[in-house]
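Subject: A structure for you to look at

Hello,

Here is the structure I promised to pass on to you. Please have a look at it first, and then read my notes below.

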Amino acid sequence: DAGYRTACFSATPNNTAAKGFEQGYDEFFELWHEAPHAKVRQPHYVTGRVTDWLRVLDDDRPLHLQVHYVPPHGPYIPGKPFDRFTDPSYDGPCQGLFPTLTGLEVGSIDPGNGCLDEVIGLYDGNLLAADDAVAVLLRSLERRARWRDTVVLITADHGEAFLEHGRMHHNSTVYDEMLRVPFILRVPEWIPTSGVDLARLVTLADIVPTLLGTAGIRPVNGIEGIDLLADPDTLPASRVVIATNTDKPPLLGLRTRRWKAILSPTGETGPDVVDCFN
């Protein structure tokens, strides 16, 4: 309604029109329909599709663009150019594939003898591949006339666990290794940021009001989240972030800037209260 051209390039069926995520998009590209899944999981393939699309796009309207990559999500298959963090002498059975990750979680695979280090190294390589693909996309955007007025947000929907609390994968606990994600926001020079509290707790719910604020669009009443770039005097002085898991037992995480409590209705995990400053 504000006049933006809207497009999404999704490499994962978790972000799909079938689940309603195409709402508000003029174009919604489900990339796995045009190429094999193994190819679509490659972040540079996704970047190539986006940059090709941008190359022939006119600038008659402002653009909202969402690009959803798979890596650093598993499987961890970084490829030779980005596999820089594993031990070349490792000759054990552990790989960055889901059977290894699940075996580590259930205890059927010993994390010792370099196994867990190998998996983490493959994850880091996967992350490096995604980082490089994002860099290529950013360089393409920088060459466009509207780069001066472009807002960029890089974030993720979850972290990954590597047995910090006995689990692998994600979404099964509310410990920080699964909850903390990057939230890297680039804004034009003419948007003031001197008053932004970088220590403030941030959630993904803040994406919508923050991006609407950069576009000068007033959000609907009752929207969840806050505009992180708003006048600090208009923002709440304190905040409690609530998180839940999707596994059993059900867990509830309550987080303030200093404290975090993890509660379980079964009592199996706590209460676990952590001082985040110590």
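Before the first finding, one term: two strands count as paired if DSSP finds at least two bridges between them. Please also keep in mind that this is a predicted model.

With that term in hand, let's start at one pair of strands. Strand β9 covers residues 252-255 and strand β10 covers residues 259-263; the two run antiparallel, and 4 bridges join them. A hairpin of 3 residues leads from β9 to β10. If you would like a spot to click on, try leucine 252, which stands opposite leucine 263 in β10.

Next comes helix α6, which spans residues 207-214. Which of its residues are buried? They are Ile207, Pro209, Thr210 and Thr214. And what do these buried residues pack against? Their partners are β4 (152-155) and β7 (183-186). On helices in general, an α-helix has 3.6 residues a turn, so residues three or four places apart point the same way. Just after α6 you will find glycine 216, which takes a positive phi of about 70°.

Follow the chain on from there and you reach arginine 218, placed in the loop between α6 and β8 (241-244). Is arginine 218 buried or exposed? Its relative accessibility is 77%, and the cut-off for exposed is over 50%, so arginine 218 counts as exposed. For a sense of distance, compare its position with that of glycine 79: the two are 139 residues apart along the chain, and their C-alpha atoms are separated by 44 Å.

Now for the whole protein. It has 6 helices and 11 strands. Its radius of gyration is 21 Å, close to the 19 Å that the globule rule gives for 278 residues, so the protein is as compact as a globular protein of that length. The C-alpha atoms fill a box of roughly 55 × 45 × 35 Å along the principal axes. Of the 278 residues, 37% are buried. Among contacts between residues at least 6 apart in sequence, 55% join residues at least 24 apart.

Finally, the surface and the charges. The accessible surface comes to about 16200 Å², and carbon and sulfur atoms account for 54% of that. The protein has 25 positive and 38 negative charges, and the mean positions of the two sets are 5 Å apart.

Enjoy exploring it!

Best wishes

Key: Residues numbered from 1 in each chain as written. Predicted model: local features only at pLDDT ≥ 70, side-chain atom pairs only at ≥ 80, totals over all residues. Heavy atoms only, no water. Buried < 20%, exposed > 50% of the residue type's maximum accessible area, 1.4 Å probe, protein only. Contact = heavy atoms within 4.5 Å. Rg over C-alpha atoms; globule rule 2.2 N^0.38 Å. Areas by Shrake-Rupley, 256 points an atom, 1.4 Å probe, with all protein chains shown as cover. Lys, Arg positive; Asp, Glu negative; His and termini not counted. Charge placed at Lys NZ, Arg CZ, Asp CG, Glu CD.
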